[in-house]
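Biologist: I would like a close look at a single part of this model, taken slowly and with its surroundings kept in view. Please go through it in one connected account.

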Amino acid sequence: PILLLTTHKLIAYGEPIFDALGKRVILMEVVRHPLYMIIQNTRNFTDLFGTVRDFTIHYDYQGKSLPFFALGWEDRYLSANPIEKAIYYIQHVTSRSNAMRERIRDRSDGQILTVPFEKFVATPTPYMRQFEEALATKVTTHTMRMMAKQRVPRDKYADSIDLAVYRKCGWEPPKARLSEREEFEYRRIWAASQASPEAMRILDELCDEYETRYMDGLLRRNRGSYI
């Protein structure tokens, strides 16, 4: 039987999984452009962390309770506003994920399939074939019905189904007048209105790295802008 577990950011802390299970585990890692994660992560630092709904492991740092992922950059975490925390968090997890991915691939028989969200929702077929091969299974009519329900393939990255939980996490329907590049710029302007220049420099670097690695540089910024 195939035991399917859905997690968040497991690759960053996944070494024990591969040590224990080796070739018996397949990790399908979905990565996404930082500008499409920034709003939800900012809301997490505003409305989730530190509330009764937060089950993240915390530790004591100079009398303050900090989430486990702040280890090693506590002072920066404490001095940042919510959107800056989100940027630094994405930077931290991205760096850790990249390093862990290389370590796991060098020493483990386990398989890692890294799937860029943007490419998958636009052109899912090549990735579905990878899933078939990795899982020794086949795409069926049930699969295709679920894909259609999720609006995949999509004309634009933001063409999701309209659910209340998605809107709560910061999703907005794509704007008909905006191109794909302008959708990215819209989100960058939102970030720049609240983040420090230093935090924006980091966010831009994360965007450049992501676009180079996963999007063939198609949306590379021009002098700090997508326009």
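**Strand β4 and its surroundings**

Modeller: In this predicted model, β4 is mostly covered, with five of its six residues buried. The strand pairs with β1 in the parallel sense, over six bridges, and among the bridge partners P116 of β4 is matched with V31. V31 also leads to the next element, since it is one of the residues touched by E118, and E118 lies in helix α5.

E118 deserves a careful reading: the residue is buried yet has no salt bridge, and the nearest side chain of opposite charge, that of R32, is 4.6 Å away. That separation counts as no salt bridge because the cut-off between the side-chain nitrogen and the carboxyl oxygen is 4 Å. What the side chain of E118 does reach is the backbone nitrogen of H33, at 2.9 Å. Leaving aside residues up to four places away in sequence, E118 touches V31, R32, H33, Y157, Y210 and M215.

Y210 brings in helix α10, where it is buried along with residues including L206, C207 and Y214. The buried residues of α10 pack against β1, α3, α4, β4, α5 and α9, and both paired strands, as well as the helix that holds E118, are thus in that list. Helix α10 itself spans residues 197–214 and reaches 25 Å from its first C-alpha to its last, close to the 26 Å expected. Just after α10, D216 takes a positive phi of about 55°.

Notes: Residues are numbered from 1 along each chain as its sequence is written. This is a predicted model: local features need pLDDT of at least 70, side-chain atom pairs count only at pLDDT 80 or more; totals for chains, interfaces and linings use all residues. Side-chain values use heavy atoms; hydrogens and water are left out. Helices (H or I, at least four residues) and strands (E, at least two) are DSSP runs, numbered from the N terminus. The expected span of a helix is 1.5 Å times one less than its number of residues. Buried means under 20% relative accessible area, exposed over 50%, partly exposed in between (1.4 Å probe, protein chains only). Contact means heavy atoms within 4.5 Å. Lys and Arg count as positive and Asp and Glu as negative; His and the chain ends are not counted. A polar contact is a pair of N or O atoms within 3.5 Å; within protein, one must be able to donate a hydrogen and the other to accept it, and residues adjacent in sequence count only if both atoms are side-chain atoms. Two strands pair if DSSP finds at least two bridges between them.
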